[in-house]
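Got your viewer open? Let's take a walk through this one, selection by selection.

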Amino acid sequence: DRAALLASSDQLAALSADLNAFMRLLRSGDSAEVEKYRHRIETVDADIRDHLDLASKFMAHSQARRSR
């Protein structure tokens with residue numbers, strides 16, 4: 001539904017901010033700070049796949065409603 005897609009989009013935006021911070025830390029060489037992001041980075045592919053799954057279902061449902 002729309003609310004789930006909006007929540008997922010918000011989570012994707014937060015993920016983007018985390019990835020940017022992670023990349024800055026990698027450049028700075030602060031390994032202790034980088035470690036804080038390890039779990040988030042390890043699950044990024046699943047997070048993005050989940051978002052795309054929600055988005056595609058929402059769009060398919062919206063398309064079906066319009067074609068009635």
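## Stop one: a serine in helix 1

Start by picking S8, which counts as buried because its relative accessibility is 8%, under the 20% cut-off. Keep in mind as you click around that this is a predicted model. S8 sits in helix 1. Now show what surrounds S8: leaving aside its neighbours within four places in sequence, S8 is in contact with H51 and L54.

## Stop two: the largest pocket

Next, select A4, A7, S8, Q11, L12, L15, R40, D47, D50, H51 and L54, the residues that line the largest pocket. Which elements give two or more residues to that lining? They are helix 1 and helix 4. Helix 1 supplies the largest share, six residues. If you bring up a surface here, the volume to expect for the largest pocket is about 170 Å³. Colour the lining by residue type and you get five nonpolar, three polar and three charged residues.

## Stop three: along helix 4

Now select helix 4, residues 44–66. How far apart are its end C-alpha atoms? They are 33 Å apart, and that agrees with the expected span, because 23 residues at 1.5 Å a residue should also cover 33 Å. The expected span is 1.5 Å times one less than the number of residues.

Stay on helix 4 and highlight V44, H51, A55 and S62, which are buried. What do the buried residues of helix 4 pack against? Turn on helix 1 and helix 3 (38–42), and you have their packing partners. H51 may look familiar: it is also one of the residues lining the largest pocket.

## Stop four: the nonpolar core

Move on to A21, F22, L25, V34 and Y37, five residues that make up the largest nonpolar core. Helix 1, which covers residues 2–28, gives the most to this core, with three residues. In soluble globular proteins, nonpolar side chains tend to be buried together.

## Last stop: V34

Zoom in on V34, in helix 2 (residues 31–35). Is V34 buried or exposed? V34 is buried, since its relative accessible area is 15%, again under the 20% cut-off. Show its contacts, leaving aside neighbours within four places in sequence, and F22, L25 and L26 come up. Two of those names, F22 and L25, also belong to the largest nonpolar core.

To finish, draw a C-alpha to C-alpha distance from V34 back to S9: they are 25 residues apart in sequence and 24 Å apart in space.

How values were computed. Residues are numbered from 1 along each chain as its sequence is written. This is a predicted model: local features need pLDDT of at least 70, side-chain atom pairs count only at pLDDT 80 or more; totals for chains, interfaces and linings use all residues. Side-chain values use heavy atoms; hydrogens and water are left out. A nonpolar core is a set of buried Ala, Val, Leu, Ile, Met, Phe, Trp, Tyr and Cys residues joined through side-chain atoms within 4.5 Å. Buried means under 20% relative accessible area, exposed over 50%, partly exposed in between (1.4 Å probe, protein chains only). Helices (H or I, at least four residues) and strands (E, at least two) are DSSP runs, numbered from the N terminus. Contact means heavy atoms within 4.5 Å. On a 1 Å grid over the protein atoms alone, a cavity is a set of points where a 1.4 Å probe fits but cannot get out, and a pocket is an open set with protein on both sides within 12 Å along at least five of seven lines; lining residues have an atom within 4 Å of a point. Grid points are joined across faces, edges and corners, and a volume is the space filled by probe spheres set on the points. Ala, Val, Leu, Ile, Met, Phe, Trp, Tyr, Cys and Pro count as nonpolar, Asp, Glu, Lys and Arg as charged, and the others, Gly among them, as polar.
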